[in-house]
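Hello,

Here is the structure I promised to pass on. Please have it open while you read the notes below.

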Amino acid sequence: MKLYCLSGHPTLPCNVLKFKSTTIMLDCGLDTTSVLNFLPLPLVHSPRLSKLPGWISKDGTINLEKELKDCAGRVFVDSQPEFCLPERELLDLSTIDVILISNYHCMMALPYITEHTGFTGTVYATEPTLQIGRLLMEEVVNFMERVPKAQSATCWKNKEIQRMLPGPLKDAVDVWTWKRCYSMQEVNSALSKVQLVGYSQKVELFGAVQVSPLSSGYSLGSSNWIIQSHHEKVSYVSGSSLLTTHPQPMDQSSLKNSDVLILTGLTQMPTANPDGMLGEFCSNLAMTIRAGGNVLVPCYSSGVIYDLLECLYQFIESASLGTTPFYFISPVANSSLEFSQIFAEWLCHNKQTKVYLPEPPFPHAELIQTNKLKHYPSIHGDFSSEFRQPCVVFTGHPSLRFGDVVHFMELWGKSSLNTIIFTEPDFSYLDALAPYQPLAMKCVYCPIDTRLNFHQVSKLLKEVQPLHVVCPEQYTQPPLTQSHRSDLMLELQPPPMPYRRCSVLNLPFRRRYERVYILPELANSLVPSEIKPGVSVATVSAVVHSKDNKHTLQSVPKPPPVAPSKKRKRVMDEPPVVLAPKPLLSGAVPLEAFLATLQKHGITEVKVEETADGHILHLQAEDTLIQLEEDGTHIVCDNNEPLRTTLRDLVLRFLQKL
Amino acid sequence: MDRECVSLLPRVCEVLAASGSSLPDDTSLEKLLDWFTGLTKAGTSLLESCPCLLEFISTVVHNTALDPSILSFTLRLTGFVAVTEVAFKVLQESSVLDLVFNLQHWQEAGLWEDPCIRIGWIQGLRTMMQHPKALSFFVQADFLQPLLQLQTDKSLFVASAANQMLAHVLLSCQSVSSVGSNDVDEEGEDVGRSGGSIADLEYSAVTVETNQDYAAVVTAISECLKKSLVPRENTQLHQSLQILKLLALLLAQTRPPLWEKLLQMVADSVDELLVAGYSQLILPLMDVILAAYSSCDVNRRAPDQRVSRLLSFMLNIRKPADLIQAAAAFLRRGLHDLVHTAQSARVLLLPLDIITGLNLLTTTADEQRFLMMEQLKNKTSCISLICVCLTNTPQMTLMAADCLPCPPVLIVTAVLSLLKLCSGDSSSPSSSSSGCREVSRNVIGSSKVQKCALDALTALSGSPGVEVKLAEVFTLLVQCLDNPDSDPTVLQKSFQALVQWMSVCSDLSSITDQHRQDLLQVVRKRSCDIRWEVRDSTVEFLGRLAGVRVIQTTAEEASDASVAVLGGCCFTTPLLRAALQDTESYVRASAISALAQTLAASWQQGAALTQEQTEIVNQLLEVLSWDTEGFARRAVVRYFIAWLSSMSSHSCVQSPASSSLLMPSVRSVLSRGSADLDWEVKVHTLELAELLLDEAFSGQRGYTKGNPTQTHPYAVIPNTLHTRTHNEEDVVGVLNSLVQWGVVSALLSGLVDCDRPVALRACRLLITLREVVCPLSLGALDATAAMATVARVTCELPGCGWAREIRKMLVMKAKDANAEGGVSGGEVVNCDDCGEAGQEAASVGGQTPCVSVCEVLRSLDLDERLDVLTRSSDHVHNSPLSLLQDILTASSARSQPDTQQEVIADCY
């Protein structure tokens with residue numbers, strides 16, 4: 001069993017598991033942090049961004065004025081933002097049989113994998129994962145296509161040139177593999193390969209393995225996967241959560257007794273407790289509004305935003321924010337808010353029960369009804385006429401490089417009354433803000449990451465007790481910035497097997513057993529004999545027939561009547577000589593009785609020596625050794641075949657024959 | 001004793017002796033015993049006053065078929081009856097006593113199995129054993145052995161009672177023997193006096209034989225202590241525990257030579273127990289050693305060598321958890337022993353030393369350090385050990401400098417560093433060693449340790465020389481307050497610690513502008529917190545801070561801390577006003593109190609009112625009218641009490657700036673507050689009324705501030721109080737203004753309130769008012785003549801609610817007076833005295849009837865009313881008479897089953 005690791009990002013994994021003649025891709029996350037190296041894409045013309053000076057190296061030898069711009073003391077690429085894809089050279093992606101998706105954040109690279117690589121397999125995902133994943137992809141495509149950039153910067157990627165560049169650009173890795181965003185057509189084509197599955201549904205892959213998604217509690221429709229054959233079980237744990245937020249709770253018990261557990265998607269913010277952060281979010285929001293400022297929340301259009309809205313729903317009364325408008329701006333805002341209400345079966349119990357009342361499971365329905373929350377596809381159109389300040393705006397993209405958020409940064413950045421509150425943990429907020437400096441608006445960083453933390457995962461592993469754990473190498477040491485926090489790492493016995501981008505791991509277990517079926521008529525012909533109470537044994541002579549990874553024992557075909565052909569006679573045509581099988585022996589040789597028998601046969605001088613596994617009998621007169629052990633008997637006598645045969649027969653008297 | 005009770009008792013005894021099951025409820029017997037206890041304590045001889053008890057006891061004790069609770073009651077009752085020597089003799093002569101306490105009697109009846117009989121037996125004996133006769137009865141009957149057995153009874157109550165009893169026996173023997181051997185000749189003349197307490201035993205004569213008996217008792221008990229102290233197996237730990245408790249009791253109370261004897265007997269066993277090292281026995285063992293040790297301390301004896309040695313042993317035990325417990329127990333006693341105190345301090349500081357890596361201790365035994373470190377690696381025990389250490393740190397810093405291994409400042413540093421570890425912010429300096437890292441990891445995120453450390457930090461503010469740490473403490477507390485993961489209690493404690501440090505340190509020169517900015521930011525954030533508890537603590541903090549006086553360097557003037565660190569009202573008032581809108585009533589209430597504290601300074605300085613203050617007052621009056629929760633409304637009334645009292649203490653009531661707003665507001669507070677549904681709001685409103693009375697009549701003859709009934713009739717009243725001459729015109733003016741402010745209406749409405757505390761307070765105040773305005777002592781005719789002018793002051797009695805009640809009372813009074821043919825009171829209700837119809841007609845006609853205040857005050861029978869109100873509402877229900885009657889009624893109900901059924905039907 002082998003694991004190919006195509007992504008080094010612990011929360012945006014992309015791994016390939018080769019297991020029992022199947023090749024399974026586990027998630028295909030897209031690392032979007034690369035976009036932080038690019039200039040923001042403004043929705044409306046920004047005089048500030050358009051007037052930025054081009055970058056020329058100090059000695060003037062390299063002139064990349066067109067491609068790189070100097071902005072707020074840092075150099076950014078002036079081009080359509082590009083993403084860092086999973087590794088595509090490590091193995092032939094066309095050999096992948098299936099792709100298992102855990103949640104909608106971990107499928108953003110799907111079009112890059114399924115299109116243009118020769119991929120012919122199937123993608124498995126739950127329905128909310130597919131639908132919300134589609135929304136997120138659509139949103140990104142929309143953000144990019146709304147602001148087309150003719151040029152594509154490539155010169156800076158030249159190895160020689162990149163080495164001379166300042167700051168983070170110099171250290172960016174694999175820049176040649178970075179790719180522009182896919183098109184809507186590619187998204188549609190990729191998603192057409194998805195086959196929907198429900199929790200605990202078992203899907204057979206070529207008869208060799210069975211895969212099954214389990215609820216992981218992280219987001220709507222998010223799942224962990226069990227990949228098992230008859231005798232082996234691999235668990236794949238991706239973004240999971242034990243907190244009681246909106247999704248169905250995590251199914252932990254089904255992860256028990258795994259041979260290997262592949263652990264990814266732990267919280268990116270181990271020191272930030274989601275409850276504390278939610279509190280922080282609310283109080284900073286209230287503080288700003290009370291002081292007459294606006295609040296900008298850069299976020300994804302699905303996921304934590306539902307919880308934020310629910311929390312605010314309860315909070316706005318006590319903080320007397322009843323009259324403050326909340327705006328949610330995204331090309332998919334409407335679909336996201338409505339989708340969340342219809343996936344009732346994927347919600348936690350108490351939200352499910354609301355559906356039968358009937359009430360919308362999420363309170364944002366009421367916020368919309370009472371006009372406290374309004375949603376718009378973009379800042380153009382209706383929004384501009386109904387926009388009222390002070391207000392709270394939820395909009396994407398959290399990287400602050402594209403989407404409507406860019407506009408609000410330009411609009412509100414200059415006033416210290418306003419606040420930007422980061423809730424998504426995927427991007428470093430300082431890097432995200434870099435092209436907007438100097439910034440007067442207040443920044444609050446309260447990343448809300450509900451995924452498992454180290455404390456929870458240690459408890460989980462103690463409970464489910466996998467034989468081996470495989471995880472990204474980041475989880476095996478404390479975070480770089482907090483090297484003293486030994487509580488922020490995995491400590492297991494045996495230690496977990498770490499992986500990084502491009503690792504190929506040989507997973508430490510061997511296939512030892514296969515299930516083999518026996519045909520009824522063959523079974524009927526067996527004659528079992530009882531060797532000890534409750535255990536019967538029979539010998540079988542049969543032919544193993546293997547098809548679709550299924551093995552069956554069939555009766556040995558009778559030799560066909562020999563055709564009276566004289567023309568060609570080949571050795572192959574001769575019926576195989578079926579020898580009567582030798583009887584199988586079982587039982588143990590009782591020492592006292594055996595010695596008595598030897599004596600009867602005139603062997604009297606026997607010296608008995610006890611060994612770890614049995615006894616050694618030294619027949620001194622004959623100069624012969626008899627080793628009686630649990631799983632074997634050896635008679636050592638030089639050149640005395642008659643004696644050996646006699647002794648052998650004496651031994652055989654004590655054994656049962658089958 | 002009440003005659004009525006005495007007359008009822010024989011019938012009650014009959015009922016009880018017949019069958020106990022007809023008691024009104026299961027507490028009746030306990031209540032009866034309580035009554036007897038009270039009587040005995042008051043010196044009443046039960047047998048003399050209730051001779052029926054003797055018969056009762058002798059009847060009951062023969063009837064073993066009775067309910068065990070009655071039998072147990074009888075056993076205990078016998079103890080009370082036999083508490084005097086005379087009664088004891090009577091009981092003994094009638095051979096009741098022998099039977100009552102005869103073990104065999106109870107065992108044969110199969111009743112001894114019932115724990116209530118066993119405990120009755122013990123308690124009866126214990127109560128009785130107040131005189132030598134009882135003691136010799138105990139000895140001769142050979143009750144010691146059974147008592148020793150009961151000490152390990154399976155019922156905890158019985159075991160504990162047996163323990164107490166054994167101690168009592170031994171102490172009694174001690175007194176008697178010491179008297180018998182030394183002092184008997186000198187005090188011989190007092191022979192035969194009936195004793196009521198152990199002390200009296202000393203004056204009794206004891207024969208040589210009995211003396212020997214007592215010695216035998218002492219020996220038997222000490223032998224038993226010695227024998228049972230060391231458990232032979234784990235199941236006997238309970239027994240050892242009991243013995244240790246008894247021993248601690250004895251060593252604390254006995255004197256030499258018995259003390260010596262006891263100690264000598266058990267010393268070896270204690271040694272053995274120490275070596276065995278049972279963790280469960282560590283604390284009781286320490287109690288024993290400390291009891292012995294303190295007994296030397298208290299009696300000014302030099303510490304006994306053996307005890308000192310045992311103590312040293314305890315403070316050197318190997319098991320870290322036991323060691324810490326022992327050291328903490330020693331420190332708690334506060335004994336004057338430099339060596340052991342210093343040693344305990346070192347033990348208690350060791351975990352802090354290890355976890356923070358600060359060198360609090362210059363030297364420690366490596367082995368002790370290693371063992372402690374191993375123990376600290378376990379999370380649960382780490383947290384509990386650290387908490388014990390933290391709890392003791394404040395006391396340690398107050399010890400003599402030579403006992404403490406490091407200066408108090410270093411201990412504060414250690415606590416601060418521990419708090420940093422808890423929040424996961426820093427690694428300890430010595431974190432290079434993996435052991436320490438493993439230890440410090442255990443406290444990361446532990447809010448239990450955080451709370452303990454914050455408590456310790458608050459208490460440490462008073463330690464000598466720690467002021468230099470103020471800036472550091474300030475920074476850390478602000479960090480705690482800013483931490484998103486801090487739980488509400490941690491935040492509350494951080495706020496409290498901050499106020500405490502600022503109030504103790506008072507010199508805030510070390511607080512920089514950055515500190516202030518950080519605090520402002522965090523307070524602003526926490527006032528918008530999602531959890532109401534946090535918003536509440538924040539608002540409370542703002543109020544408390546305003547009450548702390550501090551000195552700033554720049555202007556050497558004292559100001560309040562709120563001004564010094566937060567910039568005063570311009571920052572706090574808007575936050576507090578926003579909190580007035582909070583959805584949680586506790587927060588609104590805290591905000592109102594905080595506003596009062598913040599504005600107190602400006603009130604005292606008599607500063608002119610700002611527009612903002614006017615708005616606040618309007619907002620508060622609205623809260624009083626509309627808020628649905630009592631807390632907020634109570635706070636509003638308290639706000640005005642604070643305002644009014646700060647003004648009156650500075651004699652500013654008449655100052656135009658404030659009175660223009662204050663007095664009209666007070667008027668509406670009085671009218672709204674006295675009509676409130678919450679009784680506490682009403683009581684506060686009456687307090688406000690009292691303030692106005694105080695202000696109006698201060699120095700007036702006859703006016704006593706506060707509770708009139710509490711002043712002693714012969715108390716000397718300083719002359720200075722009489723400076724103002726009795727001027728009728730003054731009184732009229734003052735009374736008029738009291739009526740206008742609504743004070744009189746508030747008091748009258750309070751008087752007829754259905755809540756007793758309200759009515760009581762109102763009644764007292766009305767009496768006070770009457771004594772100033774129209775004292776009853778003058779007599780009716782004199783009063784009319786002397787106060788013709790005052791009597792003209794009237795108040796309105798509208799036709800609804802409380803006023804209707806008052807009118808009814810006045811009409812009743814008038815009718816009574818007329819019936820008696822008296823003159824006074826005829827004119828009380830001058831508008832009409834013709835019953836309700838007339839009253840309503842008057843109100844409907846738009847004319848609110850007016851009555852003379854003086855006449856009302858004189859006619860309301862306030863003194864009678866006060867008398868009724870002063871008694872608790874269940875005083876009738878709880879009296880012994882009622883108890884006896886209840887018992888009789890219940891039994892008669894039982895004898896007539898039909899009625900009882902009816903009673904049950906009535907109940908449900």
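Which residue in β21(A) does A:Leu296 stand opposite? The partner is A:Ile420. Please keep in mind that this is a predicted model.

**The sheet in chain A**

The two strands behind that question are β17 (residues 295-298) and β21 (residues 419-422) of chain A. They pair in the parallel sense, over two bridges. Both belong to an open sheet of six strands in chain A. Its order is β19-β18-β20-β17-β21-β22, and the pairing is parallel. The edges are taken by β19 (373-376) and β22 (442-445) of chain A. Each has a single partner strand, so one side of each has no neighbour in the sheet. On average, neighbouring strands of this sheet are turned by 20° against each other, direction ignored.

Two helices to look at here. Helix α8 (residues 304-318) of chain A packs on the sheet and touches β17, β18 (326-329), β19 and β20 of chain A. The direction of α8 makes about 165° with that of β20(A). Helix α9 (residues 333-342) of chain A also packs on the sheet, with contacts to β18 and β19 of chain A. For α9, the angle to the direction of β19(A) is about 125°.

**Aromatic pairs**

A search of the whole structure gives 36 aromatic pairs over all chains. One of them joins A:Phe387 and A:Phe408. The geometry is edge-to-face: 6.4 Å centre to centre, with 70° between the planes. This pair links distant parts of the chain, 21 residues apart. A:Phe387 lies in the loop between α12 (382-386) and β20 (392-395) of chain A, while A:Phe408 is in helix α13 (residues 405-412) of chain A.

Buried or partly exposed: which applies to each ring's residue? A:Phe387 has a relative accessible area of 25%, so it is partly exposed. A:Phe408 is at 1%, so it counts as buried.

In chain B, B:Phe137 and B:Phe143 form another edge-to-face pair, at 5.9 Å centre to centre and 75° between the planes. Both B:Phe137 and B:Phe143 are buried. They belong to a cluster linked by ring pairs, with B:Phe88, B:Phe101, B:Trp112, B:Trp121 and B:Phe138 as the other members.

**Charges over rings**

Two cases in chain A. A:Lys351 lies over the face of A:Phe362, at 5.0 Å from the ring centre. The charged end of A:Lys550 sits over the ring of A:Tyr517, and the distance to the ring centre is 5.3 Å.

Best wishes

Definitions and conventions. Residues numbered from 1 in each chain as written. Chains lettered and ligands numbered in written order. Predicted model: local features only at pLDDT ≥ 70, side-chain atom pairs only at ≥ 80, totals over all residues. Heavy atoms only, no water. Phe/Tyr/Trp six-rings, centres within 6.5 Å; stacked < 30°, edge-to-face > 60°. Helix = DSSP H or I, 4+ residues; strand = E, 2+ residues; numbered from the N terminus. Buried < 20%, exposed > 50% of the residue type's maximum accessible area, 1.4 Å probe, protein only. Lys NZ or Arg CZ within 6 Å of the ring centre and 35° of its normal. Pairing = 2+ DSSP bridges. Axes fitted to C-alpha atoms, helices over the stretch in contact; angles between N-to-C directions. Contact = heavy atoms within 4.5 Å.
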